[in-house]
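Reader: I am new to this structure. Could you show it, so that we can go through it by question and answer?

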Amino acid sequence: MNCKECLPLIPGYLDDELSEAQAAALRQHLLDCRACRRALSSEKALKRWFGFEDSLEAEVPAGFAERVARRAFAGDTGEELVAGGGRLVAFADAGTAAADPGLQQFLLRVVAAAAVLLLVLSAWMRSVRLPDGGSMSATEQGATVEELLEEADALNAAEADAARPALQRPGAEDAQR
Amino acid sequence: MKTARVEDANLVQQTLAGDQRAFQTLVERYQGRLFAVVRHYTRNAVELEDIVQETFLKAYRRLDSFDHRSSFYTWIYRIATNTVLDFLKRRGRSPVQAVEDPELVGEAGARDCPAPMANLEARELAEITQSVLAELPDIFRTVLVMREFDQMAYQEIADTLEISIGTVESRLFRARARFKDKLLKLYPEFGAQ
């Protein structure tokens, strides 16, 4: 047996899954090969990690068996429990809810809809005419620019007439005579 | 003295005859082991309880198909594994990630695995192990959990996952190598011992 054949067999050797012939050949190789002995001890170290992990006891919630039996006999299929929504979300803490893809999708859609609504609202608000200096004008609403200009010209002419000296007015001389 | 297997068979028959209390006893017998297994896939207590609960509810619905060829535990373990894999798939992790992905193959066995540090509490070490385990692709985590935590023989793993023993060996070999790599990446301090 060479190293290439030996290495893949080491986990099975530690798991007691090799045939006696395989194990004997592996042991023989290990006696002769320092590198493979090191790989063996590395695998043993790995197993110690798993041993620690296994030392954590799983806690079963109080009354679990009774609840499950009751639900089973009540015809509860349990399908909705881990089907990406439903109870998981309803009873989950914030961390669970965040991890739930269904809820995340829903939240994303709500946020997207809110963003679109905001855009539409802001566009509408821009289109609405805000009060400005023009709206405070004393002029009659509805007059066109031309009408306003004509009105202004007429006023100017009247003012000019009033300001002109009496002699310069047509017919003023005859009146003096 | 009745063996556990005979007791289980009786409880199954009584359950099928409509005895709710018998089913509750079956759940009580195996709930601890199933919680211990499933907690390797999720650290969330609500998800954990839901997965185990669904496992038992599925088992109840299919109880008439239990043919007693395997032990009740092997049978329900298989249901639990499938429930977990479905759950992981729905949550976004693919349990059928390609085993032949070159990145997954790596140089298995090339790195030394650091021994756990003596000054750390068992609970701390357990939590480190669990966090490294959570980083593994599901196909690797599944075989590691079955072998290392539930002490299943290769043949049992093969039967449960419906794969060949050769595939079990190959996945275990790669899973262990990946575990070592992840451990050293996440906790490089262990490599400096």
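Reader: What covers the buried residues of α1(B)?

Author: This is a predicted model; local features need pLDDT of at least 70, side-chain atom pairs count only at pLDDT 80 or more, and totals for chains, interfaces and linings use all residues. Residues are numbered from 1 along each chain as its sequence is written. Helices are DSSP runs (H or I, at least four residues), numbered from the N terminus. The cover, by contact (heavy atoms within 4.5 Å), includes α2 (20-38), α3 (45-61) and α4 of chain B, together with α5 (64-73) of chain A.

Reader: Which residues of α1(B) are buried?

Author: Buried means under 20% relative accessible area, with a 1.4 Å probe and protein chains only. The buried residues cover an arc of only 100° around the axis, taken from the directions to the C-beta atoms, so they sit on the same side of α1(B). They are D8(B), L11(B), V12(B) and T15(B).

Reader: Which residues does F72(B) touch?

Author: Residues up to four places away in sequence are not counted. F72(B) then touches D8(B), V12(B), L26(B), Y30(B), L63(B) and F66(B).

Reader: How many disulfides does the structure hold?

Author: A disulfide is a pair of cysteine sulfur atoms within 2.5 Å. C33(A) is in none; its nearest cysteine sulfur, that of C3(A), is 3.6 Å away. C36(A) is in none either, with the sulfur of C33(A) nearest at 3.6 Å. The count over all chains is 0.

Reader: Is C36(A) buried or exposed?

Author: Its relative accessibility is 2%. C36(A) therefore counts as buried.

Methods: Chains are lettered from A and ligands numbered from 1 in the order in which they are written. Side-chain values use heavy atoms; hydrogens and water are left out. Buried means under 20% relative accessible area, exposed over 50%, partly exposed in between (1.4 Å probe, protein chains only). Helices (H or I, at least four residues) and strands (E, at least two) are DSSP runs, numbered from the N terminus.
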